[in-house]
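Welcome to a short set of exercises on reading a protein model. Keep the structure open beside you and try each task before you look at its solution.

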Amino acid sequence: MGKNMMAYEFGENILLVDAGLMFPENDMLGIDYIIPDISYLIQRRKQVKGIIITHGHEDHTGAIRHVLEELQAPIYATPLTRGLLEVKLARNGVLQKVHIETVKAGESRKIGPFNVDFFHVCHSIPDGVGLGIDCPAGLVVHTGDYKFDHTPVDNWPTDYAKLAEFQRRGVMALLADSTNSERKGWTPSERVIDDAFDKVFRDAPGRILIATFASLISRMQQVGNAALKHNRKMAFAGVSMVDNAKIARELGYLKLPDNLIVSLDEALHMKDRDVVIMCTGSQGEPTSILGRLSRGSHRIFDVKSGDTIVLSSHPIPGNEESVYGTINRLMERGANVIYEAIAPVHVSGHASQEEMKLLMHLTQPKFFIPIHGELRQLKQHAQLAKEIGIPAENTAVILNGQSVEFNNGRMRLADKVPASYVYVDGSGVGDVSDAVMHDRELLSEEGLMIVNLTMDKNTDRPKKDPEFITRGFIAQQGGSELMNGLKNRVMSSAEKANGHLQKDVEQAVSNYLYRETRRKPMVLVNIIKN
Ligand SMILES: [Zn+2]
Ligand SMILES: [Zn+2]
């Protein structure tokens with residue numbers, strides 16, 4: 001789930017689809033995000049003919065800057081996706097170096113040996129596309145993220161006719177979004193949110209704050225519609241939200257009249273019941289606006305009683321704790337908080353089981369490969385394919401890095417390519433190794449013990465009792481049995497050590513602590529020669 005990237009290869013030509021990031025799980029300490037391992041592509045730089053970005057969500061665009069540092073291939077994207085990419089690339093100062101070609105849904109492009117049809121799909125962001133990728137080996141349909149919404153916010157349904165046309169041409173393989181494969185039925189239309197927002201706007205006595213992803217442009221439109229109806233002005237808070245709304249309005253994907261929009265500063269000086277503010281932080285991110293508001297640490301404003309705060313998104317798996325923590329803190333500050341579990345203020349942008357089956361019927365693929373999802377979701381998606389009559393041997397449930405080869409009407413699993421996590425934290429890409437991650441885990445779970453050991457520079461023997469400093473391990477109790485035992489252990493190992501004083505003492509301390517406490521704090525021995 002996340003860091004989406006697919007490489008289609010024919011002969012010596014590679015077509016990339018998406019370059020996304022993945023948000024870290026709770027136990028990945030200090031990591032900002034994770035990007036795909038592209039070492040396979042770096043070795044074949046010259047072969048990469050193009051990069052198609054299916055839509056503007058971070059899990060499909062978030063690694064683009066890192067990918068472009070290694071590969072100079074043109075990007076293909078629809079107008080809105082392009083606009084959002086440009087905002088992102090400009091922020092990182094790399095926009096000038098990139099060639100982006102705009103493709104509208106319904107158009108096709110020849111990229112190397114690939115003839116690509118871009119077809120419109122509904123999702124929680126406008127201007128998303130799926131792809132029909134044709135080459136001499138056969139036609140592949142790649143859905144990207146999609147749902148079959150008959151009443152989408154922008155009145156632009158998925159291009160069913162194109163899917164049927166693919167069927168007539170003969171689909172060799174279908175690769176489809178598996179995110180919601182465990183959900184029965186049909187994903188509700190985005191329209192159901194309108195009613196929920198209508199109620200929120202009708203009932204709210206004071207300010208309304210609506211938190212969602214900065215790229216959920218459709219949600220901005222819905223909030224704008226409700227604001228118009230209920231006579232509130234609308235403000236955007238946060239750089240990415242402001243930038244994305246601006247570009248989406250310029251390109252005509254977000255239709256909000258000028259007199260509806262006010263700046264955050266203006267909004268904060270208006271009567272509470274005259275404003276709605278959209279901000280980021282629906283995933284409980286501590287540095288987001290909502291995260292700061294929940295802790296009372298935002299520079300400009302505070303949550304107050306009478307505020308109505310809506311979290312219009314679904315917690316990404318792994319984020320639940322921080323989302324619910326944020327909700328609790330906002331409530332403590334007196335806000336009325338409305339979230340997915342108590343009102344339909346969010347619907348999924350991904351197809352459920354009945355839509356998945358319809359997609360298979362529309363395209364009638366010979367082979368099926370579930371994509372976008374964890375293994376359990378891929379398996380469930382494969383099960384649906386079986387139910388509608390695609391033979392199990394024609395379905396491939398594959399893990400990241402597993403390549404699949406199509407040859408003479410047959411499918412087989414081919415080589416595995418590197419597909420591990422590449423961690424990005426504040427300091428850079430890939431310099432957070434597994435060893436660093438292991439240290440961070442150790443520190444967070446077991447704590448730290450520092451031993452200051454003073455050695456006599458003339459005799460090379462301990463000069464005085466060692467000092468211990470601990471963090472997150474145990475409170476220091478100078479006279480306790482444990483600390484006395486530890487002191488003796490340090491002294492004796494220092495006496496005996498020859499050549500590897502620091503390592504030997506560290507080992508002795510670790511062993512002793514583990515034996516006595518069953519804990520393994522990180523141990524650092526600091527030798528002072530005196
Ligand atoms: Zn998406
Ligand atoms: Zn996605």
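**Exercise 1.** Which spacing do the donors of the zinc ion (ligand 1) follow along the chain?

*Solution.* The spacing is H-x1-H-x65-H-x21-D. Donors here are N, O and S atoms within 2.8 Å of the metal (3.2 Å for Na, K and Ca); water is not among the atoms, so sites may look incomplete. Put names to the letters: His55 (NE2), His57 (ND1), His123 (NE2) and Asp145 (OD) coordinate the zinc ion (ligand 1) at 2.1 to 2.3 Å.

Before you go on: this is a predicted model, in which local features need pLDDT of at least 70 and side-chain atom pairs count only at pLDDT 80 or more, while totals for chains, interfaces and linings use all residues. Residues are numbered from 1 along each chain as its sequence is written, chains are lettered from A and ligands numbered from 1 in the order in which they are written, and side-chain values use heavy atoms, leaving out hydrogens and water.

**Exercise 2.** Why is the arrangement of the 4 donor atoms around the zinc ion (ligand 1) irregular?

*Solution.* Look at the angles: they run from 89 to 170°, so the arrangement counts as irregular. For comparison, four donors are tetrahedral if all angles lie between 85 and 135 degrees, and square planar if opposite donors are over 155 degrees apart and all others between 65 and 115 (six are octahedral by that same rule); anything else is irregular.

**Exercise 3.** Which residues are the protein donors of the zinc ion (ligand 2)?

*Solution.* Start with the list: Asp59 (OD), His60 (NE2) and Asp145 (OD) lie 2.0 to 2.2 Å from the zinc ion (ligand 2). Next, write their spacing as D-H-x84-D. Finally, spot the bridge: Asp145 coordinates both zinc ions, which are 3.4 Å apart.

**Exercise 4.** At what angle do helix H5 and helix H12 (residues 353-363) pack?

*Solution.* The angle is about 50°, and the axes are 7 Å apart. Axes are lines fitted to C-alpha atoms, for helices over the stretch in contact, and angles run from 0 to 180 degrees between N-to-C directions. Helices (H or I, at least four residues) and strands (E, at least two) are DSSP runs, numbered from the N terminus. H5 is therefore oblique to H12 (under 35 degrees is roughly parallel, over 145 roughly antiparallel, 65 to 115 roughly perpendicular, the rest oblique).
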